[in-house]
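Got the model open in your viewer? Set it to cartoon, keep the selection box handy, and follow the stops below.

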Amino acid sequence: MPSLSVGGGPLDAEIFNMDQRGDDRRHNRNIGKNFMCRLQCMFSHTSSSESRLSLEDTQQWSQSLERLLESKYGLATFRTFLKSEFSDENIEFWLTCEDYKKIRSSFRMSSRANKIYEQFIKAESPKEINIDHHTREQIKRSVKTPTVFCFDDAQKIVYGLMERDSYPRFLRSDFYRTLLDNLAADAAAKG
């Protein structure tokens, strides 16, 4: 006969596990709601309909990393996810390179190239990215007389790493799934 004992028996363990799963679902739902509010507050200074986080936009993030990064909410969500995993150096490097390419002043370009090298490229740097030795050495030489293109090879490598590793992990994460579920529930409640 199965045991129905109190205080550590099989039934107590199952009830605890069921309570824990319910708590996890409520916790994830709350995280998703809180994150949606924070995202919308971050971008609330714009008043267009595009400024609202929508289920359709969020679903499109799963089409490609490029699509995700083109969306202001997608980029913010992806960055937050990567920070939560302590693996945000790649997206930070990629974004820094995108900003770097907009610099027109050769003095600012030289200064910024050295900062990027010190922060992301140099071995043992604070946010060292995972690139091969050859690319690292090529950049070390090119920052002495920097051009708009001196980080392109590293940026392509980092984009590929994100596309193959971070992005699929993001799509499978509770973080993204909870956000989709909350937006779907909101859409169903309104419609």
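Start by selecting Phe86, which sits in the loop between H4 and H5. Bear in mind that this is a predicted model. Phe86 has a positive phi of about 55° even though it is not a glycine. Is its side of the loop buried or exposed? With a relative accessible area of 75%, Phe86 is exposed.

Now jump to another loop, the one between H6 and helix H7 (133–142), and pick out Glu124. Here again is a non-glycine residue with a positive phi, this time about 70°. Glu124 counts as exposed too, at 73% relative accessibility.

**Zoom out**

Colour by secondary structure. How many helices and strands does the protein chain have? You should find nine helices and zero strands, giving the pattern α-α-α-α-α-α-α-α-α along the sequence. Of the chain's 191 residues, 37% count as buried. If you turn on contacts between residues at least 6 apart in sequence, 60% of them join residues at least 24 apart. Switch on the surface as well: the accessible area is about 11900 Å², and carbon and sulfur atoms account for 53% of that.

**Helix H5**

Select residues 89–100, which make up H5. Put a distance between its end C-alpha atoms and you get 16 Å; twelve residues at 1.5 Å a residue should span 16 Å, so the two agree. H5 is mostly covered, with nine of its twelve residues buried. Show those side chains: Asn90, Ile91, Glu92, Phe93, Trp94, Leu95, Thr96, Cys97 and Tyr100. What do they pack against? Their partners are helix H3 (65–70), H4, helix H6 (106–121) and H8.

**The core**

Next, bring up the largest nonpolar core, a set of 41 residues. For the residues with the most contacts inside this core, select Phe78, Ile91, Phe93, Ile121 and Phe151. Which helices each supply at least two of the core's residues? They are H3, H4, H5, H6, H8 and H9. H8 gives the largest share, seven residues.

Stay with Phe151 and list its neighbours. Leaving out residues up to four places away in sequence, Phe151 touches Phe93, Cys97, Tyr100, Ala113, Ile116, Tyr117, Ile121, Ile139 and Val143. Two of the names there, Phe93 and Ile121, are also on the core's most-contacts list.

**Aromatic pairs**

Show the rings of Phe, Tyr and Trp. With ring centres required to lie within 6.5 Å, the count comes to nine aromatic pairs. Take Phe81 and Phe175 as a worked case: the centres are 6.2 Å apart and the planes meet at 45°, so the pair is tilted. Phe81 belongs to helix H4 (residues 72–84) and Phe175 to helix H9 (residues 174–190), so this pair ties together parts that are 94 residues apart in sequence. Phe81 is buried, at 4% relative accessibility, while Phe175 is partly exposed, at 21%. The cut-off for buried is under 20%.

Now go to Trp94 and Tyr159, another tilted pair, with 6.1 Å from centre to centre and 40° between the planes. Trp94 is in H5 and Tyr159 is in helix H8 (residues 152–172), so 65 residues separate these linked parts of the chain. Trp94 and Tyr159 are both buried.

Before leaving the rings, select Trp61, Phe78, Phe81, Phe170, Phe175 and Tyr176 together: ring pairs link them into a cluster. Then look at Tyr73, where Lys72 lies over the face of the ring, at 5.6 Å from its centre.

**Last stop: Glu163**

Go back to H8 and select Glu163. Glu163 is partly exposed, with a relative accessible area of 40%. Draw a C-alpha to C-alpha distance from Glu163 to Ser64: the two are 8.2 Å apart in space and 99 residues apart in sequence. Which residues is Glu163 in contact with, leaving aside neighbours within four places in sequence? Show Leu65 and Pro168, and you have them.

Key
Residues are numbered from 1 along each chain as its sequence is written. This is a predicted model: local features need pLDDT of at least 70, side-chain atom pairs count only at pLDDT 80 or more; totals for chains, interfaces and linings use all residues. Side-chain values use heavy atoms; hydrogens and water are left out. Rings of Phe, Tyr and Trp (its six-membered ring) pair if their centres lie within 6.5 Å; planes under 30 degrees apart count as stacked, over 60 as edge-to-face and the rest as tilted. Helices (H or I, at least four residues) and strands (E, at least two) are DSSP runs, numbered from the N terminus. Buried means under 20% relative accessible area, exposed over 50%, partly exposed in between (1.4 Å probe, protein chains only). A charge sits over a ring if NZ of Lys or CZ of Arg is within 6 Å of the ring centre and within 35 degrees of the ring normal. Contact means heavy atoms within 4.5 Å. Accessible areas come from the Shrake-Rupley method with a 1.4 Å probe; for residues, only the protein chains shown count as cover. The expected span of a helix is 1.5 Å times one less than its number of residues. A nonpolar core is a set of buried Ala, Val, Leu, Ile, Met, Phe, Trp, Tyr and Cys residues joined through side-chain atoms within 4.5 Å.
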